[in-house]
Amino acid sequence: DRKKFLYLSSAFERIWKRSRDTVQANPQLFFDTIHPEDKPKILALVAAQQQQGEFQDEYRFEYRILLPDGVVRWIDVRYSPVRDESDKVIHLAGISADITERKRVEQEREQLSQENEAQRNLFQMVVENVPVGIALLRGPAFVFELVNRSYQAIAPGKVMLRRKVAE
């Protein structure tokens, strides 16, 4: 029976906040925990694997689950087919890990990156449009890293970027 769990570890109860016995008695509860926004994609992937009849060596998904208290967790699920002597798939063995913290850090990093990019763009726009010459020099060799239009007007036609002041 492909819709039955042979074993669920105690970690399952810690992560999913559901009794192993309850889920083993009603495996659909496992799929019911998948976040509504992720469920169509995950169920489509699982259905495609079952329809193919051929299994890869390993499958891996990251998706969100909803806990009974409404908390959302990110899960990394990996599973592989277990075959009998005739190479027929007899069941799937898998492991899940709570990656909620990793996803939170990734999301925070992405948000900071976007904010940083927005600040950089604003700075560049201000520097470029101010009617005063501005140049940013870097290092002991005083290499031009940034030159606005007003500063470039001091030496029209001369390439300054990435060149030393002494050149």
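This is a short walk through the pockets and the nonpolar core of one protein chain. The model is predicted.

Start with the empty space. Rolling a probe the size of a water molecule over the atoms shows where empty space is left. The largest pocket holds about 1200 Å³ of space. Its lining counts 37 residues, and the closest to the centre are Lys4, Phe5, Phe30, Phe31 and Leu92. Several elements give two or more residues to this lining: the helices α1 (10-16), α3 (28-32) and α4 (39-52), and the strands β1 (59-66), β2 (72-83) and β3 (89-98). Strand β3 supplies the largest share, eight residues. By class, the lining has 25 nonpolar residues, seven polar ones and five charged ones.

Next comes the core. The largest nonpolar core has 19 residues. Within this core, Trp16, Tyr63 and Ile65 touch the most other members. At least two core residues come from each of α1, α4, β1 and β2. Strand β1 gives the most, with four residues. These four elements also appear among those that give two or more residues to the lining of the largest pocket.

Trp16 deserves a closer look. Which residues does Trp16 contact, leaving aside its neighbours within four places in sequence? The partners are Phe30, Thr33, Ile65, Leu67, Pro68, Arg73, Ile75 and Ser96. One of them, Phe30, is among the residues closest to the centre of the largest pocket. Another, Ile65, is itself one of the core residues that touch the most other members.

Now move to the second largest pocket. About 210 Å³ of space lies there. Its lining consists of Arg120, Phe123, Gln124, Leu136, Arg138, Glu145, Leu146, Val147, Leu161 and Arg162. Helix α5 (100-129) and strands β4 (135-138) and β5 (143-147) each supply at least two of these residues. The class split is five nonpolar, one polar and four charged.

Leu136 is a useful probe of this region. This lining residue is found in strand β4. Is Leu136 buried, partly exposed or exposed? Buried means under 20% relative accessible area and exposed means over 50%. Leu136 has a relative accessible area of 38%, so it counts as partly exposed. Leaving aside neighbours within four places in sequence, Leu136 is in contact with Val143, Phe144, Glu145 and Leu146. Of these partners, Glu145 and Leu146 also line the second largest pocket.

One last distance gives a sense of scale. Leu136 and Pro81 are 55 residues apart in sequence. From C-alpha to C-alpha, they are 59 Å apart in space.

Methods: Residues are numbered from 1 along each chain as its sequence is written. This is a predicted model: local features need pLDDT of at least 70, side-chain atom pairs count only at pLDDT 80 or more; totals for chains, interfaces and linings use all residues. Side-chain values use heavy atoms; hydrogens and water are left out. On a 1 Å grid over the protein atoms alone, a cavity is a set of points where a 1.4 Å probe fits but cannot get out, and a pocket is an open set with protein on both sides within 12 Å along at least five of seven lines; lining residues have an atom within 4 Å of a point. Grid points are joined across faces, edges and corners, and a volume is the space filled by probe spheres set on the points. Ala, Val, Leu, Ile, Met, Phe, Trp, Tyr, Cys and Pro count as nonpolar, Asp, Glu, Lys and Arg as charged, and the others, Gly among them, as polar. A nonpolar core is a set of buried Ala, Val, Leu, Ile, Met, Phe, Trp, Tyr and Cys residues joined through side-chain atoms within 4.5 Å. Buried means under 20% relative accessible area, exposed over 50%, partly exposed in between (1.4 Å probe, protein chains only). Contact means heavy atoms within 4.5 Å.
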